[in-house]
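The report that follows is meant for a reader who is meeting this structure for the first time. Please look over the sequence and the model before reading on.

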Protein chains: 2
Amino acid sequence: MNRISWNTLDAAARTQALARPRQSQNEELTAAVARLLAQVRADGDATLRALTRRYDGCELATLAVSDAEFDAAEAQVPVDLKQAIDEAAGRISTFHRKTAPQDIALETAPGVLCERILRPLSRVGFYVPAGTAPLPSTVLMLAVPAGIAGCDDIILCTPPDRDGRCDPVVLYAARRLGVRRVFKLGGAQAIAAMAYGTESVPRCDKLFGPGNAWVTEAKRQVAADPSGVPIDMPAGPSEVLVIADASADPEFVAADLLSQAEHGSDSQVILVSTSERLIEAVALAVDAQLATLPRANLARDALAHSRLIQVDDLESALQIANQYAPEHLILNVEDARRWLPQVRNAGSVFLGPWSPEAIGDYCSGTNHVLPTFGHARAWSGVSVASFVKLITVQELEPRGLRHVGPCAETLARTERLHAHERAVTLRLQRLAEVAP
Amino acid sequence: MNRISWNTLDAAARTQALARPRQSQNEELTAAVARLLAQVRADGDATLRALTRRYDGCELATLAVSDAEFDAAEAQVPVDLKQAIDEAAGRISTFHRKTAPQDIALETAPGVLCERILRPLSRVGFYVPAGTAPLPSTVLMLAVPAGIAGCDDIILCTPPDRDGRCDPVVLYAARRLGVRRVFKLGGAQAIAAMAYGTESVPRCDKLFGPGNAWVTEAKRQVAADPSGVPIDMPAGPSEVLVIADASADPEFVAADLLSQAEHGSDSQVILVSTSERLIEAVALAVDAQLATLPRANLARDALAHSRLIQVDDLESALQIANQYAPEHLILNVEDARRWLPQVRNAGSVFLGPWSPEAIGDYCSGTNHVLPTFGHARAWSGVSVASFVKLITVQELEPRGLRHVGPCAETLARTERLHAHERAVTLRLQRLAEVAP
């Protein structure tokens, strides 16, 4: 792990120290994904089947998961895991219900009723990766808020194994949370199918979920296409920034850093501390814990470009965090809450020694689909708001129009939009005729 | 205007009848904008000055509007217009404050405190077009919610005239609403400057505002660039869909249709009615009103691809509206509110005879930056939420971790993320040592 003493760096070196590995605009990948999207749009299911044969190594008669397959999956999931899924879903539901936007109505002037009403997206599409580790928790984090929003049609794509079967826990969690239309599709072809529709897979109004480089690039392209569909947020490798002082337990800090590092070799792991001793102890603890970690190889790659940054005070640590804008920010310092007002850019924040990131990943109740790669400067994580449209409404009584009409006439005249002005003037004239 | 009898059409013809003119992926424009963005990134202000010379026909010493220019602009704005701006700002502020997201905290389990906190975007960039008509109302619709969100650094670009001056009403409205950093920049170069930063123009965290095809394409490209910045929403021509029954005043309907048509030759105007007589009366009223409209040429072009659709009942009319997903939806029918629950896709809704779209454009209090081109199926208009990040926070007490930790351990084990599991297990062990 790379140790950095912050106050020895000039501005350029500091920017460099917080730079993420450039997501190389891989022109080959961009072109390959563009071709794949065009192919799926042109040939639909036939292309999906051919790509599934090539990449997942299986031949599918039907793309959709059948009821029998759902039943078989359910039979495979142990009871304690079912209970954990229910327990997590309960808390995620509690938090997301409480933070959901609400209908609001108010009079902005006498006789001018304005409203903000909610409508769910009609059909949403989820991508749930399999591969090195299936992610049933992603099903929780997407299906629970979509259900609260009232989305009645949810499509889920997840890749099959060589035998044409999907991960049983993913299938179980999906049906448990009301998702019954699951397709055995992985990679960019799944994104293409949900964005444009095929014979089997219906076109969705918005796409959600994590994925590999192909999936990420496909989501980027369909979001940029004026006839495509929007996506939850731009993606990048997962990341954590831990701020720890001398009070922190180095074992805890090391475990938190590793729980980010094990996600993949491109994961970003940063520790910022006021204590040189803590930094040294964490480095030792990381080595010790790494020895017994099944995914140690991935974690070791991630740690190779991690950073241990020593700062003079916690104010500097918070500045670094805000500049980096991490997906996950752990404040493992004394009286952690005191520093929360200084947090400006982060996806999700974990306060104090007893709040490991893993709890937020699974079951504190907050969402784990969060902005990475510095996008926390402008983006928020997934919430019920991600699944609804906020529609405004206005209803004017005659007295309301009399009250606010002249203001609109003046502004329309200024903007030289005379038909706008007339739409008001005509009505005011009619009102004057009726009740002068 | 094109008359259509809905129940004589088959499904394909219906889709065709509601199709928007395809936004031609103009490859020349795409390439030209990409070159321009690259040029601004490479040469900064020098490129901005050269492009302003070429497209706006003026030579600028400084790009930023000076205090003296703000003062001169203020002196030019008549008192009644200042009052109208203040009055509109007041109602817009009332509505946006009331509909702004709020900080929320709750316990999802004993000792598990979860929060959703708000943070404003640090620096936002606004584009305000000039050209055929300057749009001070756009300043209102962006600056008021940004101010409520707490954005403390607002950049605004608006093109200069041949004498190097910006529209005085735009400048007045900007300063009145706390926007002091205005740059004399138009077109795609303004978007490039705010997205990537130059010597004069700082890089912004998110870009807002309408514009011509160049601006729209530049916004699309910077939003699709992983090192670019997000934008308010994808753009298309402005549009209205009016649903009117036999009770509607044809003069009002005609005025509402024309107030959309005058925006530009690519504006979309649709009337859906149960009454053949109303449709005929509206067609006549449109012709009559068109005769005295200053922007009649633009409106006439827009009307050439407008549609007057006759339906059997209002249920069908609502279905058409939901399929089209209009930016503005006017329900000029008896007991209009009764139909609101059936509205699924729209940017903003206007109920009853006394609620012309022009009121929402200026001063009912709702926002007029709304999703066009069918994007209302998945996007919402601008609101305070567009200017904040929603950050989640969790703070666990030891009893909280004891309560929810085992659930996280089970799920982490299932996902084969052992470091995640250990970050919880280590802490639970420590707690057991302290208080077994």
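Across all chains, the structure, which is a predicted model, holds 44 salt bridges. One of them lies within chain B, where B:Glu280 forms a salt bridge with B:Arg3, the closest N and O atoms being 3.8 Å apart. This pair links distant parts of the chain, since B:Glu280 belongs to helix H11 (residues 276–290) of chain B and B:Arg3 to strand E1 (residues 2–5) of chain B, with their positions 277 residues apart in the numbering.

**Between the chains**

The count of salt bridges between chain B and chain A is eight, and one that joins the two chains is formed by the side chains of A:Arg337 and B:Glu395, at 2.7 Å from N to O. Polar contacts between chain B and chain A, counted where both residues have a pLDDT of 80 or more, come to 64 residue pairs. On the side of chain B that touches chain A, helix H15 (residues 398–414) of chain B gives the most, with eleven residues. The residues of that side divide into 64 nonpolar, 30 polar and 28 charged.

How many residues of each chain are in contact with the other? For chain B the number is 122, and these are in contact with 122 residues of chain A. The size of an interface is often given as the accessible area lost when the parts come together. Here chain B and chain A bury about 10,900 Å² between them, and 61% of this area is on carbon and sulfur atoms.

**Relation of the two copies**

Chain B can be laid on chain A with an RMSD of 0.0 Å, by a turn of 180° and a shift of 0.0 Å along the axis; that is the relation of a two-fold axis. The same surface serves both copies, as 100% of the contact residues of chain B recur in chain A. Of the residues of chain B, the one that comes closest to the rotation axis is B:Ala224, with its C-alpha at 2.8 Å.

**Paired strands**

Strand pairing is found both within chain A and between chain A and chain B. The table sets out three parallel pairs, each with one of its facing residue pairs.

| Strands | Bridges and sense | Facing residues |
|---|---|---|
| E1 (residues 2–5) of chain A and E10 (residues 307–310) of chain A | four, parallel | A:Ile4 and A:Ile309 |
| E9 (residues 268–273) of chain A and E10(A) | four, parallel | A:Leu271 and A:Leu308 |
| E12 (residues 348–351) of chain A and E13 (residues 388–396) of chain B | four, parallel | A:Leu351 and B:Glu395 |

Strand E10(A) thus appears in two of these pairings, with E1 of chain A and with E9 of chain A. In the pairing that crosses between the chains, B:Glu395 of E13(B) stands opposite A:Leu351, and the side chain of B:Glu395 also meets that of A:Arg337 in the salt bridge described above.

Technical notes:
Residues numbered from 1 in each chain as written. Chains lettered and ligands numbered in written order. Predicted model: local features only at pLDDT ≥ 70, side-chain atom pairs only at ≥ 80, totals over all residues. Heavy atoms only, no water. Contact = heavy atoms within 4.5 Å. Buried area = accessible area lost by both parts, 1.4 Å probe. Salt bridge = Lys/Arg side-chain N within 4 Å of Asp/Glu carboxyl O. Polar contact = N/O pair within 3.5 Å; in protein donor to acceptor, adjacent residues only side chain to side chain. Helix = DSSP H or I, 4+ residues; strand = E, 2+ residues; numbered from the N terminus. Nonpolar A, V, L, I, M, F, W, Y, C, P; charged D, E, K, R; others polar. Pairing = 2+ DSSP bridges. Least-squares fit on C-alpha atoms with pLDDT ≥ 70 in both.
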